[in-house]
Amino acid sequence: MATSDTSGGLSKEEREAVKQRAKEVREQEKAGKSRAAGEKAVQDAIAQLEPEDKVLDEGLYAVVTEVAPDLVPKTYYGMPGFANAEGKIVLFIQPAKKFGTRYATIGFEDKAHLDDGELWPVGYAIRNWTPAVEQKITELVRKAVG
């Protein structure tokens with residue numbers, strides 16, 4: 001679980017993520033839409049993860065790189081994410097250990113084309129990277145960029 005220090009309504013981990021996001025925005029403004037800078041930032045973020053989270057993030061990175069090569073890797077609140085040509089995040093992965101949760105979450109922002117009627121999921125809990133999970137994530141990423 002996240003620590004109970006909630007000064008300002010945010011946990012310690014959430015405050016750190018907000019600080020990380022401010023730093024990312026400054027760095028991304030300097031780098032522009034550089035794919036190389038984004039790839040380095042995401043690979044650095046993945047390298048710092050706990051082993052359980054690292055395997056999930058590496059799996060997502062591999063799927064997005066293969067299925068949606070036009071998406072640009074970039075960090076999002078310190079988490080690995082992928083943006084469209086306008087620089088807007090389409091999807092990201094929130095590692096479990098970073099926020100002390102029991103599962104990681106793959107999230108899709110409003111730029112993802114997952115619309116399905118009046119109600120559809122935009123977040124998916126993930127605990128293990130299996131062939132079935134990889135297949136489902138592949139389908140979601142294809143739909144998100146389609």
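Let's start inside the protein: R35, E39, Y61, V64, T65, L71, P73 and F82 line its largest cavity. Keep in mind that this is a predicted model, so everything here is read from predicted coordinates. About 40 Å³ of space lies in that cavity, and the structure holds one cavity of 30 Å³ or more.

Who builds the wall? Helices α2 (35-47) and α3 (51-67) each supply at least two of the lining residues. The largest share belongs to α3, with three residues. Sorted by class, the lining has five nonpolar residues, one polar residue and two charged ones. Going by residue type, R35 and E39 are in the charged class, and both appear in the lining.

Two other names on that list, P73 and F82, lead us to a pair of strands. P73 sits in β1, which covers residues 72-76, while F82 falls within β2, residues 79-83. These two strands run antiparallel to each other and are paired over five bridges. If you want one rung of that ladder to look at, take K74 in β1, whose bridge partner in β2 is G81. The connection is a hairpin with two residues between the strands. One to click on is Y77 in the turn, which has a positive phi of about 55°.

So which residues of β1 lie on each side, and are they buried or exposed? In a regular strand, side chains alternate between the two faces of the sheet. In β1, one side carries V72, K74 and Y76 and the other carries P73 and T75, and these residues are all buried. Both faces of the strand are therefore covered, with buried here standing for under 20% relative accessible area. Put as a count, five of the five residues in β1 are buried. That includes K74, the residue we just met across from G81.

Now zoom out. The protein has five helices and five strands, and along the sequence they follow the pattern α-α-α-β-β-β-α-β-β-α. The β1–β2 hairpin comes after the opening run of three helices in that order.

For the chain as a whole, 38% of the 146 residues count as buried. The protein exposes about 8,700 Å², and carbon and sulfur atoms supply 52% of that area. As for how the chain meets itself, take the contacts between residues at least 6 apart in sequence: 47% of them join residues at least 24 apart.

Notes
Residues are numbered from 1 along each chain as its sequence is written. This is a predicted model: local features need pLDDT of at least 70, side-chain atom pairs count only at pLDDT 80 or more; totals for chains, interfaces and linings use all residues. Side-chain values use heavy atoms; hydrogens and water are left out. Buried means under 20% relative accessible area, exposed over 50%, partly exposed in between (1.4 Å probe, protein chains only). Helices (H or I, at least four residues) and strands (E, at least two) are DSSP runs, numbered from the N terminus. Two strands pair if DSSP finds at least two bridges between them. Contact means heavy atoms within 4.5 Å. Accessible areas come from the Shrake-Rupley method with a 1.4 Å probe; for residues, only the protein chains shown count as cover. On a 1 Å grid over the protein atoms alone, a cavity is a set of points where a 1.4 Å probe fits but cannot get out, and a pocket is an open set with protein on both sides within 12 Å along at least five of seven lines; lining residues have an atom within 4 Å of a point. Grid points are joined across faces, edges and corners, and a volume is the space filled by probe spheres set on the points.
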